[in-house]
Each structure stands twice: as C-alpha cells, then as structure tokens.
Amino acid sequence: MRPEPAFDALFRLSPDTVTIADWTGADGGADLSAARIVYVNPAFTELTGYRPEEIAGLTPGILPGIDPPRRELVRIRRTLGLGQAVRTEIRGYAKDGREYWSDLTISPFQDAAGGRRLLLAVQRDVTARRLELDARRLERDALREANNRLQEAIDSVSQAITLWNPEGRLLLHNKRFAELFAPNAHMVRPGVRFERLLRANVEAGVYRIEGDAEEWVEARLQCRGECGIGTDLTVAFADGRHFRVSEQKTPRGHMVAAWVDVTEIRRIEQRLRDAIESVNEGFVLWDADQRLVLCNSRYKDLSPADSGEACLAPQAVRLEGEYEQELPDGRWLLGSYRRTSEGGIVGIRTDITLRKQQELKLKTSEESLRVHVAELEEARSRLEAQTCALSELASRYLTARDNAEEASRIKSQFLAMMSHELRTPLNAIIGFSEMIETQALGPVGVQRYVEYARDVHTSGRHLLELINDILDMSKIEAGKYVLHRTEVDISVVVRRCARMVRLRADEAGIDVVEDDSAAMPPGGVTVCADERALNQILLNLLSNAIKFTDRGGRVTISTEVVADEMHLAVTDTGIGIAPDDLDRVGTPFEQIDNRHTRRHAGTGLGLALTRSLTEMHGGRIDIRSELGVGTRVCVILPLSVLPQFGDAVRQG
C-alpha cells in the first residue's frame, strides 16, 4: 500500500498510531466490515508490528489485532452510525502476540478531494499506565486481604485487642472488645477517641468506680498518658468481673492494648487471703521485686507498735532465716523468713512471750532447761513445716479451695474432740457447785462461799450450753449427726419450749405470747421430725429473741399450715438486724456487732445450728428484720418427709 501524500504529510511524524479506512461502501450505515484500510502511519507499525503492505485493503472489523467485547462493539457501531466520534480504552494484540492497551478514538469524516467517507482511528499507547493501575489494584486487593486476615486472626483471640494511633483514636479492634463494652458497641469503630469511649462507658455504668467518677476518669487518662514502655493495671466492672489491661507503645507511637479476664484469679486470691487470715500466726509475703503481696492482720498485730514494719521491704526484717525479737511492751516474737520458688520471701511471725517467760524461770534447772530447749526445737520444726506449707499455699493459688476445705474439716474434728473432752470435767464442776450452793451435805458456814458456788454453777451451765452447741455443730459439719424421726405434735413442742423460757423472759421483763389466731386443722398438726432437734430449734429462736429484746418488749410464737408445709415463726420487738448483716446471720461463730452482742456472751452458733437442723429436716429458714422494729424468724418444715441417709426412724 502506497501512502497517500496528503495523509502521510499529516500523520507520518505523529507519536500516536493513525489508521484511515475507506467507509464509502457502507451505504451510510455503521457496518464496519465494509471499511477497508487505506493508510497507517509508522507509529502504527511500531506499536502493532503490522507493515502497511500487510494490511492494505483489509477489512479487520475495527483494527488489526483488536476484537472488543460484543457490548462495546455495538456501542461503537451505533455511535459511528450517528456520524459521531467514539472513544474507548481497549486491549489489542501485536503481530507477535504481545498484549497492549490503547486509548482509541474513531472519527468519521468526508474526504473533500475525493468525496470518500473515511474513518480516522487514533491510538495512544496507555499500556504502562494500565499496568500501573492494575498493579495498584492488585496492591489494594492484597492489602484488603491482609487486613481481612489480620481482623480474622485477632477476632479469634479470646482477649479483647485494640490498636490506637498516637492521637488516641481507635484504628483496629476485635469482636471481643466490642462485646466487652456492649452498652456502647455502636461507638466502637475506627476513629473514635479513647477519652470519649471511656466517658461513655463510665456514664453507662460499665465500670465499678469507688469515689468520684471524674477523678477516676482523670486518673485513668493520666495513667495512659504516662505509659512509656508499657503498663499493666486491673479494671473492675460493675458486674463483678475483673480485667488485666496491658498497654504497650509501638516504636511509631501507637498503643496496643489487651484485656485479659482475671475474675477467677481474683476469686482464688481472695480465697487465699481468707485462708491466710484464719491462721493464728502472722503471715507476710513479698514478691521478687520486694513489693508487699499478702499480709494478714495477725502479722500487723505482732508488729512493734507505731513502727509500720508490716509494710517495710524484706531487707528491713532480714532476708532469710529465723530470729527472735523483744518488743518494748515486753512481748517476744519469733520470725521465720524463707525464699519462694519465684524469688519472693514468705514470713511467719509467732508470739512466743509465754515460752520466753518459761525459759527465764527454768534457767536455774539444767534438766528443765534441756526439756524446754527440746520443746523449743520441736516448736521450731513445726514452725518450719508451717512455713513450707504456707509458702506452697502462696505459690499455688489453684489449690487454695482444697486447702481451705481440709482446714475446715480439721477444725470440725478438733472442736468435736475438745467439746467431748471438756464436758466430762464440766459436768463434775456443775454437779459439785450445785451441791455446795444447795448445801446438800450440810451448811457451808460462810455465805460468800455459797454465792461463789452459785456463780460457778451458773457459769458452768452456760459453758456447757456453749460446748453442746459446738459439739452439735461439729457433728453436723462432720456428717455424724443422726436424726431420730417420730410423729411430733407441734403444739406440744410450742407449749413446752414457751414454758422453759418463760422464767427467763419474766426476769427480763418480756412477754412470751403463743399466737393461735392462724387457722389450724382440728386435732392439731404433727410433723415427721426429731423431737429433740425440734425443741432445740425453737429454744434457740426464743433465746435469741429474748436476748435481743429490751425490757417491756414482746416475743410471739405462731404456727400456720401453708399448703403442705408447717410454718413455725418467732417474732420479737427487739433491736432488729441491719440489711447489710442479714447475709451473715446463721453463719457459724458469726455475731452481729451491736450493743446487745457486746452485752451478752455467746458463740454465734444458735442460728447456725437452727439453720443446719432445719435443712436436715428438708426445711428452710426465712428471716425478716428491720432496725428498731424487730425480727421475725420462720422455720418452714414439710409436713411429711421420707427418711434420708443419716436419719433413724422410730415409732413414737
């Protein structure tokens, strides 16, 4: 194909490819198959590899190597048929198969000289730009996929994870973090400020804050702002959960935070503290950084007055070993300190004042001194064993519950043994003092001795009652208390117990009333119960009611059948119980601190025994009280109970 001079003069030096096709035979339509190529410039050959003589007179549809999608081809034909130019970005293939992209413009025009209808196709090579766009798209897709994988990874973590920028705005979080702050989950999104989310959660009551809320928020923000390499703090939630928050700054100044649920660990720590608090010796524990971890009240009591030694670092009380110390008030202490496996220090402090006094008295006797030294060495051995046991307890939180249960069992066995051993000599004391008081073997001669005997007899009977309560409680805790069930008439029990306490009530100026206003079945009501235990239940309730009712008050006994249950209630007009103390009522050895408990002695076992005996009968206790108004304790028993394990059934 020889280049037409006019076209070649215009387009030979053009950097864009130029193709001219004769479209005269298309009869004014848009049939591109009728177009024949009449000119291509050198740039076309350079881009596609086709020489002019190879494509002269061809009807390639649009251009050689270009086959657009059908929809695009229809658009091109429609636009050209309207006599308008069309522009598109399209992919083509060179003669050697190489792929390229071009910005293609096809314009119809009229050849003024020859009267031909021509098509001018101009292609600009945009392969580099298109490849760059494709690379950017692939990069965006890869980044999006990486972000999706990262989000999927942190969503699978059980802890709450967040990432904040240096300005304190949220960049990334997992689902666990949004669930942690469910009341404000709609705010947990990228861009939210840490302070705004913190204040919103405070207003929603998510946190458990003691004191001023604004001061708490400022302290939290200050702690976060002062975070250098990293910080750990514990945050309490209103629902009782505790979380350990670990915040770490990245080299770029971003903040990574992880929330770990430590609620169960805190519960174990509390059980450990309770166990340590129950030990008679003073106990203290420092960590490897010489920070105080645990210290029971007994250790503080055994510290020198006004010295603040309980809070000192370990080196202030020696690192390891044992030593004795005499206090200014004359007491002697034995301290024992040992290293734990984690590098901390555990210490035991024991009051050895009596032992030291005995040691001073026995210095004149060599044999006695050797015996005392042997006893001291034995005591030190026991102390070392206790130290090792407590060190093991401090380093293994997960076994605290089992150790506490074992200690409770040993305590019950000890109380049962001691109560049994004390009752025999105490019965002799009560009997002999009663004989002296009544002068059964003859006049004593001095009236003061009779009064002394009466005081001994009264104190002995009181002590025997306390020991009996302790023994019964120990039997119940040890599972050795056996019920002997019979058919018991409730009205007989009520009359008997009211008669037994009436003298005590009269002396205290208190009325004891049997309320029979409630509807009762004809012939009375019987329950399948242990009559002795039932008497003890009612007597304990009446004794407590009389004890905590002022002179001129009233104690009322009432019985009522509700459905298939017997309700036996004792109501007094006494001082009442504070709402905060109701949960502690009925706990063994627990007494509420008020002016009556300070005036009347007791073990605090009355209601505990009553509750335990009632539950052994398959019943329950309901306590209602108001300060200054009075207390109502209702024992609810089933009317018919099948014998259970540990029961003995007999016919009355």
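1. A surface patch, as the word is used here, is made of residues with over 30% relative accessible area and no salt bridge, and nonpolar side chains are joined into one when they lie within 5 Å. The model to which this is applied is a predicted one. By that definition I436, V444, V446, Y449 and Y452 make up a nonpolar patch on the surface, and their accessible area together comes to about 450 Å².

2. Among the members of this patch, I436 can be placed in helix α13, which covers residues 400-438. Because its relative accessibility is 41%, I436 counts as partly exposed, the class that lies between buried, under 20%, and exposed, over 50%.

3. Helix α11, residues 353-361, has a covered side, on which T353, K356 and E359 are buried. These residues are on the same side of α11 because the arc they cover around the axis is only 120°. L354 and K361, by contrast, are exposed and belong to the other side of α11. A reader looking at the charged residues may wish to note that K356 and E359 are listed as buried, whereas K361 is listed as exposed.

4. An open sheet is formed by five strands, which follow one another in the order β2-β1-β5-β4-β3 with antiparallel pairing. The edges are taken by β2 (36-40) and β3 (86-93), and since each has a single partner strand, one side of each is left without a neighbour in the sheet. From one strand to the next, the twist averages 30°.

5. Within this sheet, the pairing of strand β4 (residues 99-110) with strand β5 (residues 117-125) is antiparallel and extends over nine bridges. One position that can be used to find the register in the model is P108, which stands opposite L119 in β5.

6. Strand β22, residues 630-638, is mostly covered, given that eight of its nine residues are buried. Strand β20 (residues 565-572) runs antiparallel to β22 and is joined to it by eight bridges, with P638 in β22 as the bridge partner of E565.

7. Strand β21 (residues 620-626) is likewise antiparallel to β22, to which seven bridges join it, and here I621 has V635 in β22 as its bridge partner. Three residues lie between β21 and β22, which together form a hairpin, and in the turn G628 has a positive phi of about 80°.

Note on methods:
Residues numbered from 1 in each chain as written. Predicted model: local features only at pLDDT ≥ 70, side-chain atom pairs only at ≥ 80, totals over all residues. Heavy atoms only, no water. Patch = residues over 30% accessible without salt bridge, like charges linked within 9 Å, V, L, I, M, F, W, Y side chains within 5 Å. Areas by Shrake-Rupley, 256 points an atom, 1.4 Å probe, with all protein chains shown as cover. Salt bridge = Lys/Arg side-chain N within 4 Å of Asp/Glu carboxyl O. Helix = DSSP H or I, 4+ residues; strand = E, 2+ residues; numbered from the N terminus. Buried < 20%, exposed > 50% of the residue type's maximum accessible area, 1.4 Å probe, protein only. Arc of directions from axis to C-beta. Pairing = 2+ DSSP bridges. Axes fitted to C-alpha atoms, helices over the stretch in contact; angles between N-to-C directions.
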